[in-house]
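I opened a fresh notebook page for a structure I had not met before. Here is what I am about to look through.

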Amino acid sequence: MDNQKSQELRDEELVALCQQGQGQYFDFLVRKYMEKAFRIAFDFTRDKEEARDLSQEAFLRAFSRIKQFDGFAHQTVRRPVEFLYLVLPASR
């Protein structure tokens, strides 16, 4: 996997690659959105440990459900939070 090429891919391309069985591309999405997911979880919990656990769990659940994700089909979804549409519902 070419690191520079992967960083140039859009979120929907990374998700599509994961959906095609190339799960190594999920790591780029995690790195891109981990801090934002943590901040959102922290806003809910006001506890750093719990927020860290929740954001990690959300990414694990998102990875396990990535083949069902079709959020990019909606015209209203915009960057930079596109991927969070996959992550955040999975944490509920």
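My entries below go from the whole chain to one pair of helices.

**Ground rules.** I am reading a predicted model, where local features need pLDDT of at least 70, side-chain atom pairs count only at pLDDT 80 or more, and totals for chains, interfaces and linings use all residues. Residues are numbered from 1 along each chain as its sequence is written, and side-chain values use heavy atoms, with hydrogens and water left out.

**Overall.** I found five helices and zero strands (DSSP runs of H or I, at least four residues, and of E, at least two, numbered from the N terminus). Of the 92 residues, 33% are buried, meaning under 20% relative accessible area with a 1.4 Å probe, protein chains only.

**Helix H3.** Next I looked up which residues of H3 are buried: they are Phe26, Phe28, Leu29, Val30, Tyr33, Ala37 and Ala41. Tyr33 is also the centre of a kink of about 50° in H3 (the angle between axes fitted to the seven residues ending there and the seven starting there). Just past the helix, I noted that Arg46 has a positive phi of about 60°.

**H3 against H4.** How are H3 and H4 packed? Residues 26-45 and residues 48-64 meet at an angle of about 135°, with axes 8 Å apart (lines fitted to C-alpha atoms over the stretch in contact, with angles from 0 to 180 degrees between N-to-C directions). The two are therefore oblique, as angles under 35 degrees count as roughly parallel, over 145 as roughly antiparallel, 65 to 115 as roughly perpendicular and the rest as oblique. Among the residues in contact (heavy atoms within 4.5 Å) are Tyr33 and Ala37 of H3 and Leu54 and Phe59 of H4.

Notes: Buried < 20%, exposed > 50% of the residue type's maximum accessible area, 1.4 Å probe, protein only.
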